[in-house]
Amino acid sequence: MQGITQQFRELGAVVEFLPQPADAFTRLENVTVDPATFGWSTRVGFEKYRPNPAFRFEPFHNLGPIDSLFVFEQLPGGRRYSILFESGGTLYLFWEVGAEGLLYALQAGRTVPAPGEAASQYTVVGDAVLVTNGRDTPVVVRPWPLPDTTYTAAAVAVGVVRPLGFPATAAAPDLLDVQKIGSGSGSGASSANNVTGDAVTLWWPDQDGAIRLPKAYGLGFATNTGSDPGQAADFRYRVSFLMENGSESPLSDEAAVKWTLDGNTNGFRYCVAMRLPIGPPGVVARRVYRTQNTSVDSPTYGDTDLYLLDTVRNNTDDLWFDPYRSTAVGALAPALTESIPLPSPRAGTAAVFQDCLFLDGGPEDPNTLYFSHPGLPDQFGAASYIRLAAPGGAVVRLFSHYRVLVVLRENGVDVVSGDFTNGFQATTVTSQVACRSPHTVDQVPGLGVVFLAQDGVYALQGGFDGGSEMQVLRLSEPIKRTLRRLTPDCAARAVGRYSPMDRAYHLYIPVDGNDRPNLGVVFHTEKEGWSTRTGFPVGSLDRLHNGQLIFGHNTGSAPQNDDPAGLFVISGRRAMGGSIVGDAYVENGPPTSIIKTAWLDLGDAQLQKRVQYATLWAMTTGSVNITAEAYKDFQREGLACRPYLAQPPDAANLPVYDSATIGTDVWEDTQLVPLRIGVAQQSCAWFALEVSTTDDLLLVGWEVEYRLPGTNTIAGKRG
Amino acid sequence: MSRIIQDRINAGDSIDATDLNNRYTAYSQPGALDVANHGAASIDLPQVRGNQLITIDSQRVVLGTGSYDHSSVESIPSATASPATLAEVGGGSTRLNFGLTGWTITPGDILRVYWDTSARPYVTGRPYAAPNLGALTIDNGSGGGFDLNDCLACWVLHLQWDITDPTLSNFTAVPGQSDFQVGTPAQSTLSSCAAMTVVPAYLEYSAQGNANEGATNARTLLDMRWNGVSGAYWHTPSGNVTVYGMRIVAHGIYHAAHTAGLNRLYLYTAVGGVTQYLELTQGQLSAVHMRRG
Amino acid sequence: MKYWTEHQARANQTAEADQLNAEMRASQSAITTLDRTQTPSREYDPTNVGQYALHQVWTSGNSSNPMWVPGDEQGEQTNVRSDTANTRGDQWMAITYQGYNGGWETAYTETLTGFRGGHLHVEWSGQASIFPAFQQTQNNFNPANPKHMRLRIQVAGVTMVERQGTAKSMASFRIFGGGLYPQGDLEVQFQWRFTPAGQDDAIVDNGTSDYLMQAHLWGNKTLAIARYK
């Protein structure tokens, strides 16, 4: 008698709530979506970033867990990229230049994140990376140019790493006294004949005939016709530092110099000499500003505005002369409020929005955002901050998206819009979403900004322009049961990234009380659903230029232990990394992939069904064993079915590796074949099928054939 | 205590007493809680109070038996013979006493000592006149020379400690400081002056209106009054040292000297005499024993 | 973070793995991230707190002498000094106007290796000597030229504290300052600046033609204490 057939032509993804949709799955472990067929493929695994077994785990073999990881794409098109990561409190650059594989410790002594603390965040600013962790001073890393490997790490770090911004105002210039030339007639002191050095006599004639271009230079008055000293000069100076990107430091304290002409003098104006302060690393020039003559004898008495005199285009010159006449000064100096010392020396997160660098205030100032001047990431104005409303909680992550800056906070989501000229405004999007995992934020095509919050994975969609709305959408409804395994205090250690190679958003979370990520959940955009990954030791995660995901090991190795450590890539390799066995690197086997269908009630759970066949629609992946188990009524133990090969059941086998003959066999396309599995189960109310394998399997659909013997499920047990 | 790593219980695992016990035993690991168990900012003052994480010991004592309003003073005589007698400020009654067990300073610790007092030096006439130390011959503007002193003379107050026993009868200069008892005349190089305070013995100037481009023919002596003076010392030992007491001793008068390529202070007995003495009133001597980190 | 009951095991309820897992997970999470309401009071002392957790001290010198730059001239300023041939026997190889060009001189630099950012307290104690005689000058043509040994402590190029300094022939000084500084191996520079020569200074001894000592800085030692959060 013909049975009743139910077909599942399009496979869904994991759904954990009950009852499940028929095309869903109870378990999808270590599988991915095959782009050609949209079926579930078991071809997953990972391998070392440096695949050659001869390298073993070097140069990472002595590193512990890799807390944070960043792939810095320095040139477009993947022409040059640098890998920065942190482990054990040291910021490393993985040096691959010239095929070398060395580690350079750029900065040691950084804070090791506590078990519940997020690791460092990396933000691209111009041609450099800003590293912030909420504890240490933000540093700017610009890993180019790099010398060859004969240089020590310390020598390399000096040119590559510098602190962000200016820690303090510039030091005031050290003005030398102006030693005047005496009047030459009548009594009075002639020029000093002993050694001073703290004063100079620099003069420029005021009279025609004395020199070409008289009156061209010199400060103050040239003539005092009275017999008493008079015609004083009083000039004030300030200095600032300039960085290569144009950022200017806060103006220094003021320094002043004064002199008074002797009686009956005429013919000379004096020039001023000073010692300029040397700026911190990163400074490439100094600017000198000066007032007009502010003495009571001067027509510009009381004019204390400062004007630009000159830019000294280096950070080494100590001694400098000012010969500029008052009419030769340049633009007004920037206001004192245009630049302040770095307002957030313990910033935890940063983003560039509308060309301004935004920083959070750090743990001591968690509700404030500071922003730099546009295009000048090291220069912050005195009024350049936004105080967010307190109930939203501390700022966890800044993320530039659409036309706004998304501010993910511990108890809400705010956005900042506007620009520097017209002002920035902060608006609250929602106060119910609590993001505690800054490293899970990424943009996913079709979804918007995806991140892990306290109660699931959310997508932030839409914008504010043109009447559109910004919405939060919870994506993780189907996998709530798995997400509840999250170790709640260690959510900050979760990492997530979208991979264009997989077309999936990978999220690795610490579960079951562990303090480091030990379970992956993957959102497949084609299926708009989830699967899980087990056994992937992801501690930190980022994406390479080709869309592949690179991760740092979550445990690493103590020195001499030879445990797996360092950087790995999630690839098509059918292995789970490797280990050192007897002093040689040996690859581990592939992961066990488990596909368990949803619990089917096949129409009505009250009616008993007798399932006779389950047919897998599989692609012919080769002479590999497909073992299935049949389950009934939510029981733990299943009934094993006969294994079958993933080859055409009624045609010749396709050629397989290790047995195909060169010269005789031909290359083939895989074919979709039905693999009919007999199920010798008694009646059941619910039915599920599980396939578990370490071989390559590509499942496109399945169907089940059953009969209704006509019996109902019996009543429950008496209480 | 370290990380607790245990897998979850899966449906199908047997309900086993050993497994359940092991899970709870995992919370009783030997060893104290360690870095794998603490969240950020989990240690605050209540957690460390009283446990000597920064300061181990401290003590303060009034220094000297004079009174701060100068109504009663201690008088230190100048030395007329070499070496000078070291006079304890306070005469033995104002010293730091660290008790029977003393303070044991270990290589990870630092001992910081600070003192201050009020001092007034007395000098009558010019006992330092040529040909004595410091007498300069300055051009007098008319072809001759004029005796003007460089005044590089001082009284010394320096710190001593007793690392022998609590009877406090074996005081010696602290490391880096000389007791000024050795040499002819008694002296010290400037490299052994790590724990002392100097008080100028006398001051004189070229008189106003008299100097003319490096010349002088008249001088003015300054009558020096009371001045606050202070000093500091710190010690970071390389091995354990137990300190039982500390004191300040005063002596003088010394003058700058330069011999055998080194800068020194020489005892200046030529100016010693009953009319040259130092008066001290009252101050403080305090010490802190703290960890270096 | 503290947690309360996730699931209560009651009589006759199914022995469900997930229930026990939820309780164990909450406990494990709490024991992994203890906060200050859970860490025991007065239990943290040098045996269980890492080195430099709360504070750090740097000093000049070593265990036998705390003054800077060990050697024959320990504790002295050595940038500007006369040589033996030009020094009187009753003065010191020290600052002379023949050698001193004015301006700030850095006598010593202490690098605070491992400074993690926080409050920094710096102390500098020592002796300064000055030749005082020519501070007055000739009548009113030239103003008086009072002599001071100015002292300054700079941290990472920025002045922390500056004093006009001592003016007597022999004096002891103690200069100290504090401030909040960012993390880094900061360089602390201990600098001096002496009054330059006035119009009337005598700079040689007429009798011996030796250069006259004008000032000296000696007995110097430095201390820095960082306080971390």
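**Domains, strands and a few odd bonds in a predicted model**

In chain A, the centres of domain 2 and domain 3 sit 45 Å apart, taken over C-alpha atoms. The model is a predicted one, and the domain assignment cuts chain A into domain 1 (4-27 + 593-707), domain 2 (65-162), domain 3 (174-337) and domain 4 (342-432). Domain 1 of chain A is thus written as two stretches of sequence, 4-27 and 593-707. For chain B the assignment gives domain 1 (1-42) and domain 2 (55-291), and here the centres, again over C-alpha atoms, are 65 Å apart.

Chain A also holds an open sheet of four strands, in the order β20-β19-β23-β24, with antiparallel pairing. The edges go to β20 (255-261) and β24 (307-312); each has a single partner strand, so one side of each is left without a neighbour in the sheet. On average, neighbouring strands of this sheet are turned by 25° against each other, direction ignored. Further in, β19 (residues 230-243) and β23 (residues 283-290) of chain A run antiparallel and are joined by seven bridges. As for who faces whom, A:Arg238 stands opposite A:Tyr289 in β23 of chain A.

Where chains A and B meet, ten residues come from chain A and eleven residues from chain B. On the chain A side, the residues split into two nonpolar, three polar and five charged.

Over in chain B, B:Val62 makes a handy stop. This valine lies in strand β1 (residues 55-63) of chain B. With 14 other C-beta atoms within 10 Å, B:Val62 is partly exposed, since a buried residue would need 20 or more and an exposed one would have 12 or fewer. Leaving aside residues up to four places away in sequence, B:Val62 touches B:Thr94, B:Gln282 and B:Gln284. B:Thr117 is 55 residues away from B:Val62 in sequence, yet their C-alpha atoms are 9.5 Å apart in space.

Chain C has one helix and eight strands, and from the N terminus on the order is α-β-β-β-β-β-β-β-β. A compact globule of 229 residues would have a radius of gyration near 17 Å, whereas chain C comes out at 30 Å. Along the principal axes, the C-alpha atoms of chain C fill a box of roughly 110 × 40 × 25 Å. Even so, buried residues make up 51% of the 229 residues in chain C. Among the contacts in chain C with a separation of 6 or more, 73% are between residues 24 or more positions apart.

A few backbone details round things off, beginning with cis peptide bonds. One joins A:Trp144 and A:Pro145, with omega about -5°; A:Pro145 is found in the loop between β12 (139-141) and α1 (153-160) of chain A. Another cis bond runs from B:Gly252 to B:Ile253, with omega near 5°, and B:Ile253 belongs to strand β17 (residues 245-259) of chain B.

Then there are positive phi values. A:Asp562 is not a glycine, but its phi is positive at about 65°. This aspartate lies in the loop between β43 (549-553) and β44 (567-571) of chain A and counts as partly exposed, with 16 C-beta neighbours inside 10 Å. C:Tyr52, also a residue other than glycine, has a positive phi near 60°. C:Tyr52 is placed in the loop between α1 (17-32) and β1 (55-59) of chain C, and is partly exposed with 17 other C-beta atoms within 10 Å.

Definitions and conventions:
Residues are numbered from 1 along each chain as its sequence is written. Chains are lettered from A and ligands numbered from 1 in the order in which they are written. This is a predicted model: local features need pLDDT of at least 70, side-chain atom pairs count only at pLDDT 80 or more; totals for chains, interfaces and linings use all residues. Two strands pair if DSSP finds at least two bridges between them. Helices (H or I, at least four residues) and strands (E, at least two) are DSSP runs, numbered from the N terminus. Axes are lines fitted to C-alpha atoms, for helices over the stretch in contact, and angles run from 0 to 180 degrees between N-to-C directions. Two residues are in contact if their C-beta atoms, placed from the backbone, lie within 7 Å. Ala, Val, Leu, Ile, Met, Phe, Trp, Tyr, Cys and Pro count as nonpolar, Asp, Glu, Lys and Arg as charged, and the others, Gly among them, as polar. Domain bounds come from an automatic or database domain assignment. The radius of gyration is taken over C-alpha atoms; the globule rule is 2.2 Å times the number of residues to the power 0.38.
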